[in-house]
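The following questions ask why certain terms apply to a structure. Each answer sets a value against a cut-off and then concludes.

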Amino acid sequence: MALADADLVARVRQCGDPNAFGELVRRYQSPVRAFLARLTRGDQAVADDLAQETFVRAWQNLSRFRGESRFSTWLFGIAMNQFRQRRRRERRHSPPPIEAAVTEAEPVAATPRPGVGLDLAEALERLPLAERAAVVLCCQYGLTHEEAAQALDCPLGTVKTNILRGREKLRYWLTR
Amino acid sequence: MNEPVRNPLEPLDPLDALLQASRPTLADEGFTNRVLLALPPRRRRVPLRLALLTTALVGATVLLVLQGHALIGRLPSLAQQAHQGDLAALLPLLPVLGALGSLGWALAAVALEDDWA
């Protein structure tokens with residue numbers, strides 16, 4: 001019988017069992033890599049680097065995981081932090097052109113041309129980062145709004161708003 | 001991963017259905033092995049308690065060595081003074097007693113501790 005996440009976490013915490021941690025990685029590699037691929041707008045190589053760093057951080061900081069949330073929620077939170085850190089590093093090393101710097105932190109995808117339907121992947125890529133992350137976590141990976149707020153480190157109301165806006169845009173873009 | 005929580009009697013929103021159906025499942029393709037190879041040795045977090053106990057242990061030992069040796073020779077006279085009602089004469093013993101208490105506390109804590117991670 002498969003061990004519960006909490007049992008695997010306990011094994012890692014008690015005796016640093018790499019096999020138990022390997023099982024956790026096997027369980028969550030797909031959602032974490034796919035979530036990060038959504039954040040990086042489909043750059044799977046970068047997403048995989050970030051996912052690897054996410055699991056390494058989880059290994060290093062497992063003693064801080066108190067089991068108050070699901071392990072997956074905690075993991076998505078680390079993944080989000082890794083993504084944010086990478087973006088900060090990239091901005092430091094390659095300052096954006098002036099016109100981009102004054103508009104918005106994240107490069108905004110072009111507004112879809114009227115009358116042109118988008119597929120879901122394209123539509124998700126066009127969402128601003130905060131809306132995309134919230135929609136993917138809640139509507140694709142089944143996190144509750146509270147869990148998403150915890151993982152994204154933002155207020156519950158913001159998550160709800162982002163999901164609402166994101167879904168409205170998706171619906172609009174997908175049905176045109 | 002869990003499915004999004006919803007009322008089973010409520011029809012699934014077409015957008016939600018599309019989002020869930022398009023949830024990608026990525027094959028491992030060696031990812032887990034790469035992660036396991038990249039793992040650093042686990043840092044065993046030294047708890048504050050352990051640091052405090054070690055400090056107490058070292059401090060008590062030092063005090064015992066420094067004070068105890070000097071006081072041993074004076075013990076008979078101190079006892080005599082105390083017997084005569086001069087309790088202030090016992091004050092030099094306080095650091096030693098404190099040190100002994102710390103030592104006992106540290107040893108008991110170490111003996112009863114079961115998880116240092």
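**Terms and the values behind them**

In this predicted model, A:R86 and A:E90 share helix α4 of chain A, where they stand four residues apart, about one turn of the helix.

Q: What makes the pair A:R86 and A:E90 a salt bridge?
A: The closest N and O atoms of A:R86 and A:E90 are 3.3 Å apart. The cut-off for a salt bridge is 4 Å, between a side-chain nitrogen of Lys or Arg and a carboxyl oxygen of Asp or Glu, so the term applies.

Q: Why is A:R86 called partly exposed?
A: The relative accessible area of A:R86 is 23%. Buried means under 20% and exposed means over 50%, so A:R86 falls in between. A:E90, with a relative accessible area of 43%, is therefore partly exposed as well.

Q: How do you know that A:R27 and A:D5 form a salt bridge?
A: Their side chains meet at 2.6 Å, N to O, and this value is within 4 Å, so the pair counts as a salt bridge. The pair links distant parts of the chain, with A:R27 in helix α2 of chain A and A:D5 in helix α1 of chain A, 22 residues apart.

Q: Why is A:D5 called buried or exposed?
A: A:D5 has a relative accessible area of 18%. That value is under 20%, so A:D5 is called buried. Its partner A:R27, at 26%, is partly exposed.

Q: What makes A:E23 and A:R27 a salt bridge?
A: The side chains of A:E23 and A:R27 meet at 3.2 Å, N to O, which is within 4 Å, so this pair also qualifies. Both residues lie in helix α2 of chain A, four residues apart. A:E23 is partly exposed, with a relative accessible area of 28%. A network of salt bridges links A:D5, A:E23, A:R26 and A:R27. Over all chains, the whole structure has 11 salt bridges.

Q: How do you know that B:D13 and A:R167 form a salt bridge?
A: The closest N and O atoms of B:D13 and A:R167 are 3.6 Å apart. This distance is within 4 Å, so the pair is a salt bridge. The count between chain A and chain B is three salt bridges.

Q: What makes A:Q140 and B:S22 a polar contact?
A: The side chains of A:Q140 and B:S22 come to 3.2 Å. The cut-off for a pair of N or O atoms is 3.5 Å, so the distance condition is met. Nine residue pairs are in polar contact between chain A and chain B, counting pairs with both residues at pLDDT 80 or more.

Q: Why does A:Q140 count as buried?
A: The relative accessibility of A:Q140 is 0%, and buried means under 20%, so the term applies. A:Q140 is found in helix α7 of chain A. Leaving aside neighbours within four places in sequence, its contacts include A:R38, B:L19 and B:P24.

Q: How is the size of an interface often given, and what is the area buried between chain A and chain B?
A: The size of an interface is often given as the accessible area lost when the parts come together. Between chain A and chain B the buried area is about 3,100 Å², with carbon and sulfur atoms giving 61% of it. A:Q52, A:W59 and A:Q140 supply 18% of the area that chain A buries against chain B, more than any other three residues. In terms of contacts, 43 residues of chain A meet 30 residues of chain B.

Q: Why is A:D153 called exposed, and what is notable about its phi?
A: A:D153 has a relative accessible area of 63%, and exposed means over 50%, so the term applies. Most residues other than glycine have a negative phi. A:D153 is not a glycine, yet its phi is positive, at about 55°. A:D153 lies in the loop between α8 and α9 of chain A.

Q: Where is A:R41 found, and why is it called partly exposed?
A: A:R41 is found in the loop between α2 and α3 of chain A. Its relative accessible area is 24%, which is between 20% and 50%, so A:R41 is partly exposed. Phi of A:R41 is near 55°, again a positive value in a residue other than glycine.

Conventions
Residues are numbered from 1 along each chain as its sequence is written. Chains are lettered from A and ligands numbered from 1 in the order in which they are written. This is a predicted model: local features need pLDDT of at least 70, side-chain atom pairs count only at pLDDT 80 or more; totals for chains, interfaces and linings use all residues. Side-chain values use heavy atoms; hydrogens and water are left out. Contact means heavy atoms within 4.5 Å. Buried area is the accessible area (1.4 Å probe) that two parts lose on being put together, summed over both. A polar contact is a pair of N or O atoms within 3.5 Å; within protein, one must be able to donate a hydrogen and the other to accept it, and residues adjacent in sequence count only if both atoms are side-chain atoms. Helices (H or I, at least four residues) and strands (E, at least two) are DSSP runs, numbered from the N terminus. Buried means under 20% relative accessible area, exposed over 50%, partly exposed in between (1.4 Å probe, protein chains only).
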